[in-house]
Amino acid sequence: MIQVNPIKKIAVVGPESTGKSTISIQLAEHYNTVWVPEYAREYCSALTNPCTWQDEINMFRGQLALEEKLVPQANNILICDTTIITVKIWSDYMFGRSPQEVIDELPKHPYDLYLLMNIDLPWQEDPLRDFPDMREHFMDVWHRELKALDAEYHLISGTNGDRLKNAIEMIDEVFKYS
């Protein structure tokens with residue numbers, strides 16, 4: 001019987017303006033695979049009113065559906081630019097609680113490795129970013145959430161090419177790639 005290796009799922013997560021999308025694209029290119037964009041970015045750019053509870057649920061469902069759609073295209077590794085944990089973090093902050101659906105699904109959607117992007121990059125203005133003065137707060141929240149999931153995660157720091165180099169080294173070390 002032929003044993004098929006399952007796709008390794010890598011989540012690139014962290015506070016706003018930490019280079020998640022950029023590094024996700026770079027990692028996908030490096031590993032010759034696909035990346036799952038952040039569903040919320042496109043969703044929120046189309047909103048004409050403040051984000052609602054239902055919007056958070058829609059983004060949660062959209063992120064899961066997009067990831068599921070792209071898994072078959074992955075080449076051993078799937079790079080995910082954020083995960084549904086982001087919906088929990090934002091919902092907790094904005095509404096004081098998270099949708100039960102999100103809480104129930106979090107343990108059912110594990111990732112093999114989380115790369116937590118450090119806040120050592122300068123803030124980049126973007127109409128979809130809201131909290132330039134709360135990056136340390138949200139970094140603490142990310143640490144707590146990942147620990148609560150008992151997730152394997154590593155903090156990725158560095159500017160310019162060092163950030164990518166550090167991420168690649170961590171992936172190669174964890175998955176024993178050479």
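Biologist: What follows helix 6, and what is the sign of its phi?
Modeller: Aspartate 150 follows helix 6, and its phi is positive, near 55 degrees. Keep in mind that this is a predicted model.

Biologist: Back to helix 6 itself. Which of its residues are buried?
Modeller: Arg135, Phe138, Met139, Val141, Trp142, Glu145 and Leu146 are buried in helix 6. They lie on the same side of helix 6, because the arc they cover around the axis is only 160 degrees.

Biologist: Why would residues three or four places apart point the same way?
Modeller: An α-helix has 3.6 residues a turn, so such residues point the same way.

Biologist: And which residues are exposed on the other side of helix 6?
Modeller: Glu136, Arg144, Lys147 and Ala148 are exposed there.

Biologist: What do the buried residues of helix 6 pack against?
Modeller: They pack against helix 4 (85–95) and three strands: strand 1 (8–13), strand 4 (113–117) and strand 5 (153–156).

Biologist: Take strand 4, then. How many of its residues are buried?
Modeller: In strand 4, 5 of its 5 residues are buried. Leu113, Leu115 and Met117 are on one side, with Tyr114 and Leu116 on the other, so both faces are covered.

Biologist: In which sense does strand 4 pair with strand 1?
Modeller: Strand 1 and strand 4 pair in the parallel sense, over 4 bridges. Valine 12 stands opposite leucine 115 of strand 4.

Biologist: What about strand 4 and strand 5, which sense there?
Modeller: Strand 4 and strand 5 pair in the parallel sense, over 4 bridges. Methionine 117 has isoleucine 156 in strand 5 as its bridge partner.

Notes:
Residues numbered from 1 in each chain as written. Predicted model: local features only at pLDDT ≥ 70, side-chain atom pairs only at ≥ 80, totals over all residues. Heavy atoms only, no water. Buried < 20%, exposed > 50% of the residue type's maximum accessible area, 1.4 Å probe, protein only. Helix = DSSP H or I, 4+ residues; strand = E, 2+ residues; numbered from the N terminus. Arc of directions from axis to C-beta. Contact = heavy atoms within 4.5 Å. Pairing = 2+ DSSP bridges.
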